[in-house]
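Open the model in a viewer and keep the sequence panel visible. The stops below each give a selection and then what is found there.

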Amino acid sequence: MTQHPAFGLMAEFDDPEPLTAAVRAAREAGWRRLEAYSPFPVPEAAELLGVSAAPIGFIALGAGAVGAVLAAGTAWYVSVHVYPVNVGGRPLNAWPAFMPTTYLVAILWACAAALLGMLALNGLPRLNHPAFFARGFHRVSEDRFCLFLSAEDPLYDPESTARFLRGLSPLRVSEVRGA
Amino acid sequence: MSDNTIPVAEAALRPGAWGFRLAMAAAGAGVVVLVASVAAVLVRGVAVWGNNIPHVWGFDLIAYAWWIGIANAASLFAAVLVLRRHGLRTAVNRFAEAAALAAILAAAAYPILHLGRPWLFLWTLPYPAYTGLWPQFGSPLVWDFWGIMSHVVVTSLFWFIGLIPDLASMRDRAARHGRMRAARAYGILALGWRGSVAHWHRHQAAYRLVAALVLPLLLWAQTVVALEFATTLVPAWHQARLPLHVVVTGLPSGLGVVLALAAVLRQALSLERYVDERDMDLLARLLASAGLAAGMAYAHELLVGFLEEDPTTRDALAARVFGGGAPAYCGAVLLSAVLPQLLWLGALRTRTLIVVPVGVLAAAGVWLDRWSIVVGGLLRDHMPAVGPEYAPSVAEWGLLGGSVALFAMVLLLFGRLVPAVSMFETRHEESETEAEREER
């Protein structure tokens, strides 16, 4: 029976500061395929990883604009063309009265897009991931901070990478293998 | 900073104690009453209610506007906590969000039932039907449909986005206990959250963005309800100030409910560490301020109303405030504006036995204000003879009591199945406090 090749190496820390330092060191060493895990947001580490949250704002803005145009367009089309009702000779295109629904639908679309956009950018939902095979990974949702260096990175070499990670004084370094 | 949020997860995983079962049974009985009351409307029609001409709205709109007010103030509180990043334990926002969601679910049932033929509520959607009918976008009733729908979806999203990482924590805790079925259920709901730093970064951005977008939506939800009244010709309702009045006087209800819930939950689930005295103090001050704002709205109502040139409008206000509507009006002012002022006394703010009744009574006071507007507002009209009085029927009381039971049941289930306070925010905060201590 052949053993499944390793997915990569996982280093475990017990505080956000050593994790941030480890991410910085790995980025300076030229690592590109790496992921960091924490039980709460660590914005400094995210910045070092080159993650920007700006796209979510643009996605929400774009979706809100589309929702607004659709809502206003529907109200205008229905009231002027499909089902015009003459109320004492008032104009059919009563645009101020269409604004409340436009506003509501814009917010609705922007909120839904913010959530769905966030999930899509994060690649979620995804129930399987190599990281879940790591020893003690379940403590990341409580009080552990982990740095994962993927075997897919050209810099990866089981021995030298493990040495590099141990140099960052983690609690432990372990190889991540599929079950 | 070790296992400091474990008790929160454990509180949700522990089998229910007798107190929980008792509360659940009581809420279940109430929900049976709700089902019976809804069935009565569906089978026999709206004639089982006490509604008549001119009282076409009655209990239904009272309860709707009331629940929306609770949902709004609770969401407002949750959103403000999320948007201010530091200084406060943001953990309390979780059940404020849950309360908002439960209240909006209770609220959403009313306008649909009120249609008379609720199964035709789809007609409020713009779609090409064989009837050739389309909604009228100039009507506040159509705005209301979009308002409720956006409110339900956005409130649920706000709640769910905040919950995703905590569901992942629950998944890992349940797996540790060997409860694989629970772990799988939480795991699917957590969408495979693995706590990646990059994911956190985007998650926080989306969470704050939705919190910011909830704020303008809240103003609008109550405004639309008020506009439905303001666009009629009924003298007591035909007021430009009505939207402001309904939004402001609604605040004590939601804050009162969240305050009472916070006080009960921290004792029932032993979460004193996570919802501490400072949180309770802040909530109580907020309720007192909301009462003050509501008091100003009432004062403004009297001032503007009696300066009104039109004698019919003045007469309608007088009948509502001093005449036949006086009990409801005075009850509303006393309970929702005057009573919360007690909470300016620091000694009373942290006493459960004081804040729970004050919070619940403030919510009851807002209900009386809605009664005063909907029923009391029809005591005088432009016509000299006004028509029969309004007397709610058993089916209406059943609907109101039943929706309170539904609200309680949804919250009980939330308290049991998902973490009652935001675990990741508590963890974050504790690590920051520790770091500050080390720097010193």
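## Stop 1: a loop residue in chain B

Select B:L378, which sits in the loop between α13 (352-374) and α14 (394-417) of chain B. Helices (H or I, at least four residues) and strands (E, at least two) are DSSP runs, numbered from the N terminus. This is a predicted model, in which local features need pLDDT of at least 70 and side-chain atom pairs count only at pLDDT 80 or more, while totals for chains, interfaces and linings use all residues. Residues are numbered from 1 along each chain as its sequence is written, and chains are lettered from A and ligands numbered from 1 in the order in which they are written.

Is B:L378 buried or exposed? B:L378 counts as buried because it has 26 C-beta neighbours inside 10 Å. A residue is buried if 20 or more other C-beta atoms lie within 10 Å of its own, exposed if 12 or fewer, and partly exposed in between, with C-beta atoms placed from the backbone.

Now show what surrounds B:L378. Leaving aside residues up to four places away in sequence, B:L378 touches B:P54, B:H55, B:V234 and B:V386. Contact means that the C-beta atoms of two residues, placed from the backbone, lie within 7 Å. Add B:P235 to the selection: its C-alpha is 8.4 Å from that of B:L378, although 143 residues separate the two in sequence.

## Stop 2: α8 of chain B and two partners

Select residues 242-268 of chain B, helix α8, together with residues 93-114, helix α4. Their axes come within 10 Å and cross at roughly 125°. Axes are lines fitted to C-alpha atoms, for helices over the stretch in contact, and angles run from 0 to 180 degrees between N-to-C directions. α4(B) and α8(B) are therefore oblique to each other. Angles under 35 degrees count as roughly parallel, over 145 as roughly antiparallel, 65 to 115 as roughly perpendicular and the rest as oblique.

On α4(B), pick B:F95, B:A96 and B:A99; they meet B:V257, B:V258, B:L261 and B:L265 of α8(B). By class, this contact has seven nonpolar, no polar and no charged residues. Ala, Val, Leu, Ile, Met, Phe, Trp, Tyr, Cys and Pro count as nonpolar, Asp, Glu, Lys and Arg as charged, and the others, Gly among them, as polar.

Keep α8(B) and swap the partner for helix α9, residues 277-307 of chain B; here the axes come within 8 Å and cross at roughly 155°. α8(B) and α9(B) are therefore roughly antiparallel to each other. Residues to label in α8(B) include B:H245, B:L255 and B:A262, and those in α9(B) include B:D279, B:L287 and B:E301. The contact of α8(B) with α9(B) has 17 nonpolar, four polar and two charged residues.

## Stop 3: where chain B touches chain A

Show both chains. In chain B, 50 residues are in contact with 56 residues of chain A. Colour α5 (140-176), α7 (197-230) and α15 (423-439) of chain B, the elements that give two or more residues to this side. α7(B) supplies the largest share, 17 residues. The side of chain B that touches chain A divides into 28 nonpolar, 16 polar and six charged residues.

## Stop 4: chain A

Hide chain B. Chain A has five helices and four strands, in the order β-α-β-α-α-α-β-α-β from the N terminus. Its C-alpha atoms fill a box of roughly 85 × 40 × 30 Å along the principal axes. Of the 179 residues in chain A, 43% are buried.
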